[in-house]
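Here's a quick walk through one protein model, aimed at someone who likes to know which side chains touch which. Have the viewer open while you read.

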Amino acid sequence: MGNARADDSHSAAALGVKVETLIRSDRSWNGDLLPKLNDIQAEVTVLRITVPAGVTLPRHLHPVINAGVLLQGRLRVESDDGASQSLQAGQALIEMVNKVHRGVSLGPEPAVIVVVYVAPKGSPITVPAASAPNGNPKKAAEDIVTVRPLTSITSKQKLNQFVGISGANSGARG
């Protein structure tokens with residue numbers, strides 16, 4: 001397969017990218033509620049993502065902390081500022097938070113990566129670059145607050161604190 005690009009208005013699924021949620025929960029294996037982070041209920045999501053050889057994922061960002069282990073294939077992650085890192089099977093990485101980037105499956109086999117996300121319960125874990133013009137993480141955090149209606153300014157400020165945004169103009173409006 002040639003170098004297909006997923007950011008040319010094609011969806012990742014149309015390019016054969018498979019995302020499998022292995023688990024997503026706010027509870028541990030015994031049913032206990034996970035501890036809150038900054039008084040916000042946490043949720044852990046584990047995904048297995050399969051990217052066919054030659055496919056470039058759409059530009060996106062993660063407003064939450066996550067890390068992954070490449071199980072199969074070769075993968076290069078590229079940030080909008082020109083930095084990149086190449087991975088081979090068995091290697092791990094801790095993803096950038098609130099920075100636009102993309103992944104490229106280098107082949108010859110599909111890249112299979114398991115990624116673990118820790119986020120406020122119900123929050124998006126991946127935001128398309130188009131939702132954060134110029135990779136603006138403050139804009140992404142504001143979108144999270146908009147998507148996840150919270151009832152008080154205090155709750156919005158806590159969410160912004162959770163995703164690493166602070167300051168008077170951080171989207172924590174009433």
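What follows goes from the overall picture to the core, the charged pairs and a few single residues.

## The overall picture

First, a caveat: this is a predicted model. The protein has two helices and 13 strands, so strands are what you'll meet in most of the sections below, by the definition of these elements used here.

Of the 174 residues, 43% count as buried. The protein exposes about 9,400 Å², and carbon and sulfur atoms supply 53% of that area. As for how the chain comes together, take the contacts between residues at least 6 apart in sequence: 71% of them join residues at least 24 apart.

## The nonpolar core

Which residues have the most contacts inside the largest nonpolar core? They are Ile49, Ile113 and Tyr117, in a core of 19 residues. E4, E8 and strand E12 (111-120) are the elements that give two or more residues to this core. E12 gives the most, with five residues. In soluble globular proteins, nonpolar side chains tend to be buried together.

Ile49 is a good place to zoom in. Leaving out residues up to four places away in sequence, Ile49 touches Val17, Lys18 and Val19, and also Ala111, Val112, Ile113, Val115 and Tyr117. So two of the core's best-connected residues, Ile113 and Tyr117, turn up in the contact list of Ile49, by the 4.5 Å cut-off for contacts.

## Salt bridges

How many salt bridges does the structure hold? There are seven. One of them pairs Arg24 with Glu43, whose closest N and O atoms are 2.8 Å apart. That pair links distant parts of the chain: Arg24 belongs to strand E2 (residues 18-25) and Glu43 to strand E4 (residues 40-51), with their positions 19 residues apart in the numbering. The two ends of the bridge sit in unlike surroundings: Arg24 is partly exposed at 37% relative accessible area, whereas Glu43 is buried at 9%.

Glu78 takes part in two bridges. With Arg76 the N to O distance is 2.6 Å, and with Arg102 the closest N and O atoms are 2.7 Å apart. The Glu78–Arg102 pair links distant parts of the chain, joining strand E8 (residues 74-79) to strand E11 (residues 101-105) across 24 residues. Salt bridges that share partners also join Asp26, Arg27 and Lys121 into one network. Is Glu78 buried or exposed? Glu78 is buried, with a relative accessible area of 15%, because anything under 20% counts as buried. Arg76, at 26%, counts as partly exposed.

## Val104, beside the charged pairs

Val104 lies in strand E11 and is buried, at 7% relative accessibility. Apart from neighbours within four places in sequence, Val104 is in contact with Val55, Thr56, Arg74, Leu75, Arg76 and Glu78. Arg76 and Glu78 in that list are the partners of the 2.6 Å salt bridge.

Arg74 is another residue on the list. The C-alpha atoms of Val104 and Arg74 are separated by 8.5 Å, though the two are 30 residues apart along the chain.

## Gln41, a buried polar neighbour

Gln41 is found in strand E4 and counts as buried, at 14% relative accessibility. What does Gln41 touch, not counting residues up to four places away in sequence? The list is Asp26, Leu33, Leu34, Pro35, Lys36, Ala119, Pro120 and Lys121. Asp26 and Lys121 also belong to the salt-bridge network with Arg27.

## Out at the surface

Leu37, Val116 and Val118 form a nonpolar patch on the surface, with about 180 Å² of accessible area together. Leu37 lies in strand E3 (residues 36-37) and is partly exposed, at 34% relative accessibility.

Pro108 lies in the loop between E11 and E12. Its relative accessible area is 83%, so Pro108 counts as exposed. The C-alpha atoms of Pro108 and Gly54 are 8.0 Å apart, while 54 residues separate the two along the chain.

Notes. Residues are numbered from 1 along each chain as its sequence is written. This is a predicted model: local features need pLDDT of at least 70, side-chain atom pairs count only at pLDDT 80 or more; totals for chains, interfaces and linings use all residues. Side-chain values use heavy atoms; hydrogens and water are left out. A salt bridge is a side-chain nitrogen of Lys or Arg within 4 Å of a carboxyl oxygen of Asp or Glu. Helices (H or I, at least four residues) and strands (E, at least two) are DSSP runs, numbered from the N terminus. Buried means under 20% relative accessible area, exposed over 50%, partly exposed in between (1.4 Å probe, protein chains only). A nonpolar core is a set of buried Ala, Val, Leu, Ile, Met, Phe, Trp, Tyr and Cys residues joined through side-chain atoms within 4.5 Å. Accessible areas come from the Shrake-Rupley method with a 1.4 Å probe; for residues, only the protein chains shown count as cover. Patches are made of residues with over 30% relative accessible area and no salt bridge: like charges are joined within 9 Å, nonpolar side chains (Val, Leu, Ile, Met, Phe, Trp, Tyr) within 5 Å.
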